[in-house]
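Open the structure in your viewer and show side chains as sticks. The stops below are aromatic rings and the charges that sit over them.

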Amino acid sequence: MKRLLLFAALGVAALFAAATDRFYIEDFNITPGETCTVSILLDNEAEYTAFQSDIYLPDGLTASNFALTSRKNATHTLTATPFPDNVTRLLSYSLNVKPYKGNSGALVTFDVTAGDDFGGNGVIELRHTLFTTTSGVEVAFADETCNITAGRLGDMNGDGVVNVSDVTLLVNMILNNEDLEAAQYPYADMNGDGAINISDLTILISNILNND
């Protein structure tokens, strides 16, 4: 009876974790020919000691240099195995069954390179993600998607340079429409809050003055 109750409790814990915990990539911008470092974040209430996940990249993007962050335990390892159709399978575990540290933030980083012919937006998908708790319970995570915008943040006129011309355009956008959404103008959402307003203008001006 005690064993049955233990299994039932573990099952409830697994369902709870699967419903609340996430393994995901935030939306980002990239320009053709550029390489940027991307983080895969883990938000977790349960403690996990291992995981596997498949990363699906769109055509024109390549991934490399996968690494665990400081959230790893000293015994954690990570392998990244490429498959056809631009898919990479990540596998991480700890030989002494130690959990990853913390409850939020980046767990994995990797470099994404856009080919010179990458001219459109795309989506990175995380599928078939499984995590294992310290008690050996396997938890299936929901699939996640990350939207990629092919352009430079702040480059409102698309000329490849961020300067005072972009400031002028952003000012006009804000003055002429108080309900701008980042989905319509992704390069204007400087702080990533989903809206375009004076805060984005302030950041844009600061970046230009600081030559960022």
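The tour starts with ring pairs, then turns to charges over rings.

This is a predicted model, in which local features need pLDDT of at least 70 and side-chain atom pairs count only at pLDDT 80 or more, while totals for chains, interfaces and linings use all residues. Residues are numbered from 1 along each chain as its sequence is written, and side-chain values use heavy atoms, with hydrogens and water left out.

Rings of Phe, Tyr and Trp (its six-membered ring) pair if their centres lie within 6.5 Å; planes under 30 degrees apart count as stacked, over 60 as edge-to-face and the rest as tilted. The count by this rule is eight aromatic pairs.

Select F23 and F131 to see an edge-to-face pair, 5.2 Å centre to centre with 75 degrees between the planes. F23 lies in strand 1 (residues 22-24) and F131 in strand 9 (residues 122-133), so the pair ties together parts that are 108 residues apart in sequence. Strands here are DSSP runs (E, at least two residues), numbered from the N terminus. Both F23 and F131 are buried, meaning under 20% relative accessible area (1.4 Å probe, protein chains only).

Keep F131 and add F141: this pair is stacked, at 4.6 Å centre to centre and 25 degrees between the planes. F141, in the loop between strand 10 (138-140) and strand 11 (144-150), is also buried.

Now add Y48, F51 and Y100; ring pairs link these with F23, F131 and F141 into a cluster.

Next, select R22 and Y24. R22 lies over the face of Y24, 3.9 Å from the ring centre; a charge sits over a ring if NZ of Lys or CZ of Arg is within 6 Å of the ring centre and within 35 degrees of the ring normal. Finish at Y56, where the charged end of R127 sits over the ring, 3.8 Å from its centre.

Key
Helices (H or I, at least four residues) and strands (E, at least two) are DSSP runs, numbered from the N terminus. Buried means under 20% relative accessible area, exposed over 50%, partly exposed in between (1.4 Å probe, protein chains only).
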